[in-house]
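Me: Could you take a close look at one part of this predicted model for me, the second largest pocket, and then at a few residues elsewhere? I'd like one connected walk-through.

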Amino acid sequence: MTRQLNVFLLALFTSLLSWSQEIGLVKRIEKNMKARSIRKDSLISNGRPFLSVFAGPGYTPESGILIGGGLLYTFTTNPDNKELQRSSIPLLGSISTRKNITLSSIMNTFWLDDQLRVKLIAKFSNVNDDYFGVGYETNQSIDRGKETSQYNRILFYLQPKVDLRLLTNFYGGVSFVYSNLKVRETNPVMEEDENFQNFGPEIIETGFAVNLTFDSRDIVVNAYKGWFVNLSYYLTTEFFGGNQNYQVIEYDLRYYRSLNRLGNTLAFRAYGRQAFGEVPYSCLLYTSLMA
């Protein structure tokens with residue numbers, strides 16, 4: 001009986017010691033996070049730059065389980081103007097169980113007291129993806145698999161963009177787009193697909209986009225309130241060095257409203273895109289050029 005009691009007391013003591021160590025670790029983490037938050041608020045309020053580091057796991061059906069992370073550097077181009085939005089330069093990356101590798105950065109900078117906005121979108125990816133052809137019926141008829149849909153592609157995308165303020169909250173802008181997509185490994189079904197045969201394994205886009213924007217968002221990269229209305233026209237031709245010829249008209253309408261307290265936000269978006277000409281299979285699903 002005494003031996004059993006000693007074993008019980010030893011187990012209890014060990015559990016309490018482990019629990020106290022965990023509590024101590026949690027408190028230290030909370031203390032460090034609080035100190036970091038205070039330091040961050042102090043630097044930002046004084047117009048100083050700040051660097052954030054973050055990482056975490058994720059999952060998508062296309063990529064599988066992934067580990068992602070990155071850096072975020074924020075700064076102001078005029079510390080004396082407290083109303084000027086902070087500029088941001090992020091660097092994001094991920095690697096997944098499907099051997100997908102992605103790197104991206106969407107830089108937003110504000111100059112001359114927001115008279116001038118300079119943006120840069122850069123993306124690189126080496127991805128094992130699935131190709132289902134063009135059209136809903138084709139998509140539904142092809143089963144996902146190594147011999148039917150899987151393929152490997154490498155994408156490099158670069159888009160510098162400049163906006164000038166014309167009136168209060170109104171901007172006019174122009175951007176240059178370079179995109180290079182190479183299909184390295186295909187499957188038997190994809191090789192027989194008419195759209196793939198017509199455009200081939202390498203699609204190079206070089207073109208210009210012009211846009212007119214109304215933007216009253218409080219924070220461009222993470223809005224809590226305001227409007228964003230954009231109308232743009234995009235032209236890619238072989239004249240600029242690519243191998244594609246088509247045009248795009250695009251509109252993007254967004255509305256943000258804070259509810260109850262900061263952080264609770266109601267957001268609304270209406271988006272439309274119409275492409276004309278010989279549009280390659282890689283660009284039939286496309287995200288906004290002017291986001």
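**The second largest pocket and some residues beyond**

Reply: Sorted by class, the residues lining the second largest pocket are 2 nonpolar, 5 polar and 4 charged. The nonpolar ones are Tyr151 and Pro188, and the charged ones are Arg98, Lys146, Glu147 and Glu185. The polar part of the lining includes Asn128, Gln150 and Asn152, along with Thr186 and Asn187. Strand S6 gives the largest share of this lining, with 3 residues. The volume of the pocket is about 160 Å³.

From here, let's turn to the loops. Lysine 99 sits in the loop that links strand S3 (87-96) to strand S4 (101-111). Although lysine 99 is not a glycine, its phi is positive, at about 65 degrees. Its relative accessible area is 67%, over the 50% cut-off, so lysine 99 counts as exposed.

Asparagine 169 offers another case: this residue, other than glycine, has a positive phi near 70 degrees. Its place is the loop between strand S6 (150-167) and strand S7 (170-185). With a relative accessibility of 28%, asparagine 169 is partly exposed.

Finally, a residue within a strand: asparagine 108 belongs to S4. Its relative accessibility is 10%, which is under 20%, so asparagine 108 counts as buried. Beyond its neighbours within four places in sequence, asparagine 108 is in contact with Ser87 and Ser88, with Val118 and Lys119, and with Val220 and Val221.

Technical notes
Residues are numbered from 1 along each chain as its sequence is written. This is a predicted model: local features need pLDDT of at least 70, side-chain atom pairs count only at pLDDT 80 or more; totals for chains, interfaces and linings use all residues. Side-chain values use heavy atoms; hydrogens and water are left out. Helices (H or I, at least four residues) and strands (E, at least two) are DSSP runs, numbered from the N terminus. Buried means under 20% relative accessible area, exposed over 50%, partly exposed in between (1.4 Å probe, protein chains only). Contact means heavy atoms within 4.5 Å. On a 1 Å grid over the protein atoms alone, a cavity is a set of points where a 1.4 Å probe fits but cannot get out, and a pocket is an open set with protein on both sides within 12 Å along at least five of seven lines; lining residues have an atom within 4 Å of a point. Grid points are joined across faces, edges and corners, and a volume is the space filled by probe spheres set on the points.
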